Every structure is written in structure tokens, then in C-alpha cells.
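Please open the model in a viewer and keep the selection tool at hand. The tour below proceeds from one selection to the next.

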Amino acid sequence: VPVLTPPPALHESGDSRIIPFDLSALLDAGDHACTSPNLMASFIRVKVGEKVETSATATSQAFYVIRGKGMSTSEEHGKVHWSTGDMFVVPVTPGTISHECFDAEQGGAALYWIHDE
């Protein structure tokens, strides 16, 4: 598998969304979206004043804040306030996690999300 680098342009503009880094075709993983055989990585872009919900049937989820300031909330684990440079990890989360951006350069926050679904 070649070394690939997703460009920052993916999360620097556009609508609030999840941007999967899916290499399943290169890994011959069939319909199972993945970045490596046992992990899935994505960018999350959240425009200021908006929310994006994530969910994964995973043992844990890690989020690194590339840019912005906001809060992530889940029914199971409560609230996590974050800003640029923070990393937070949540254990098994049967429900969704809602990510809200309060302030950010380029009009939106960018998070790097990785899990083992």
C-alpha cells in the first residue's frame, strides 16, 4: 500500500461534514470502509455555529483538534470542551457524539477522528 497524505484542503473549506480517508479499495477490504486493516480515519469539518454528529461501533474513538474551539457532547460521557491542539479519547459510545464549533479560523473547526470500527 503506498503512503498517502490527505491534503489539508479537504477540511479547510466547504460545508460541515465528515470526510473519510477510505483506502478500502487499495486494501482489498470489500465494502468495509477503512484506512488500515483495523482502523478508520476521517477529518471532521464543523462550521462556526453548526454541529456534526459522529457514531462508530468501536472500542474507542480518538479526536485531535487541528483547528478551532468547540465542544463535543454524548449522552454516555457528557461534554468535552476543546481547542486547537487538544486530543481527547472516548470509550465505547453506543450513541452519537455531537461536535459543535464556537470559533475557528477559516470559518470552521477541523478535527482528525480515528476509531477501530
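Two strands are said to pair if DSSP finds at least two bridges between them. Strands (E, at least two residues) are DSSP runs, numbered from the N terminus. The model is predicted: local features need pLDDT of at least 70 and side-chain atom pairs count only at pLDDT 80 or more, while totals for chains, interfaces and linings use all residues. Residues are numbered from 1 along each chain as its sequence is written, and side-chain values use heavy atoms, with hydrogens and water left out.

Select Arg17 first; Arg45 in β2 stands opposite this residue. Next, display β1 and β2, which pair in the antiparallel sense over 4 bridges.

Now extend the selection to the open sheet, where 5 strands follow the antiparallel order β1-β2-β9-β4-β7. At its edges stand β1 (17–20) and β7, each with a single partner strand, so one side of each is left without a neighbour in the sheet.

Turn then to the largest nonpolar core, which has 16 residues. Such a core is a set of buried Ala, Val, Leu, Ile, Met, Phe, Trp, Tyr and Cys residues joined through side-chain atoms within 4.5 Å; buried means under 20% relative accessible area (1.4 Å probe, protein chains only). Ile44, Phe63, Trp82, Phe88 and Leu111 have the most contacts inside this core. β9 gives the most to the core, with 3 residues.

Finally, select Ser98 in strand β8. Ser98 counts as buried because its relative accessibility is 16%. Leaving out residues up to four places away in sequence, Ser98 is in contact (heavy atoms within 4.5 Å) with Lys51, Val52, Glu53, Met71, Ser72 and Thr73.

Technical notes
Buried means under 20% relative accessible area, exposed over 50%, partly exposed in between (1.4 Å probe, protein chains only).
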